[in-house]
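Welcome to this tour! Open your viewer, keep the selection tool at hand, and follow along stop by stop.

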Amino acid sequence: MTELASEAMEAEFDTVAGWTEEAVRALGPETAIPAGCRGSGSEGALRWLADRLELRPGSRVLDSGAGVGGPAAWLAAERGVRPVCAEPMVAAVRASRRMFGLRSVVALGQQLPFADGSFDAAECLGVLDTMPDKAGALGELRRVLVDGARLGLLVFVADGPLTSPAPDGNEFPSEAETRELLAAAGFEVIDTAEADLSDSPEEWTRAADAVDAEVARRHGGDPAFRQAEENSGRVGRLLADGALRPWLAVAVAV
Ligand SMILES: C[S@@+](CC[C@H](N)C(=O)[O-])C[C@H]1O[C@@H](n2cnc3c(N)ncnc32)[C@H](O)[C@@H]1O
């Protein structure tokens, strides 16, 4: 996809995205949203953000770094908004179109192909950690939002040294750095919370686990599978150690 992605990131966010779509097709459409949200949030985290984004039916909402589109599809189903996804990995964009019928474009968060003030709200979930140019991505989010619009973020923050290796290609900011970056881009943080990543209904977790198992059954022997597992496992270890925290924030475009 882009010159910015490492091989491990391509495995995790591109190759596995295509495999996820394939597994969802095999297991049934009810598995699509849980599997599509596996990349970052829990249902509880998505709801916490949605409750604070001042959404109305028909609101134009951008999801930047949307992955396979699970969070955007959830938002459309729950709140009646019109989401648009931007995501650099081609297989993920294809999956979001096929699994959810979402409007999705292949784009880096630092080069969004939208006019100024095109959106009433935006989300960016688990994405800032995966890129070096966080200021560029936040600047673009501010540019495409109307004044007064809200941005919902999930950021994996590291306030001290990491206790084990970071996933390839990831650079975790501290909470203070993230707040500074948001202010510099023209956002005022109005609410924050610690995300509980296990806060999803039981059937949601069961469906996501079933899709994971199907992907492993079909592709477990593939080096890209092992690479993706290693990368996501590193995040899991850092979270378990407390070296990383899943930080939710809502900010207003000022
Ligand atoms: C942990 S996943 C989260 C996906 C999705 N937001 C979710 O919550 O399910 C991180 C996503 O950020 C995307 N990403 C990586 N670099 C990016 C960049 N420069 N601009 C936009 N998205 C990027 C990856 O391709 C991947 O889909």
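**Stop 1: the ligand**

Select the ligand and Gly65: a nitrogen atom of the ligand is 2.7 Å from a polar backbone atom of Gly65. That is a polar contact, meaning a pair of N or O atoms within 3.5 Å; within protein, one must be able to donate a hydrogen and the other to accept it, and residues adjacent in sequence count only if both atoms are side-chain atoms.

Before moving on, know that this is a predicted model, where local features need pLDDT of at least 70 and side-chain atom pairs count only at pLDDT 80 or more, while totals for chains, interfaces and linings use all residues. Residues are numbered from 1 along each chain as its sequence is written, and side-chain values use heavy atoms, with hydrogens and water left out.

Now add Glu87, where an N or O atom of the side chain is 2.7 Å from an oxygen atom of the ligand. At Leu125, a polar backbone atom lies 2.9 Å from a nitrogen atom of the ligand. How many residues surround the ligand? There are 20, and Ser40 and Gly109 are among the closest (near means that a heavy atom lies within 4 Å).

**Stop 2: the sheet**

Switch to cartoon view. Seven strands make an open, mixed sheet, ordered E3-E2-E1-E4-E5-E7-E6. Strands (E, at least two residues) and helices (H or I, at least four) are DSSP runs, numbered from the N terminus, and two strands pair if DSSP finds at least two bridges between them. Strand E3 (103-106) and strand E6 (187-194) are at the edges with a single partner strand each, so one side of each has no neighbour in the sheet.

Next, select strand E1 (residues 60-64) and strand E4 (residues 119-125): they run parallel, joined by three bridges. Here Asp63 stands opposite Glu123 in E4.

**Stop 3: helix H6**

Select helix H6 (residues 134-144). Which of its residues are buried? They include Ala137, Leu138, Leu141 and Val144 (buried means under 20% relative accessible area, with a 1.4 Å probe and protein chains only). Their cover includes E1, E4 and H7, counting contact as heavy atoms within 4.5 Å. At the N-terminal end of H6, Asp133 acts as a cap, with a side-chain oxygen 2.8 Å from the backbone nitrogen of Gly136.

**Stop 4: two rings**

Finish with Phe114 and Phe119, both buried. Their rings form an edge-to-face pair, 5.1 Å centre to centre with 90° between the planes (ring centres must lie within 6.5 Å, and planes over 60 degrees apart count as edge-to-face). The structure holds one aromatic pair, and you have just found it.

Notes
Rings of Phe, Tyr and Trp (its six-membered ring) pair if their centres lie within 6.5 Å; planes under 30 degrees apart count as stacked, over 60 as edge-to-face and the rest as tilted. Buried means under 20% relative accessible area, exposed over 50%, partly exposed in between (1.4 Å probe, protein chains only).
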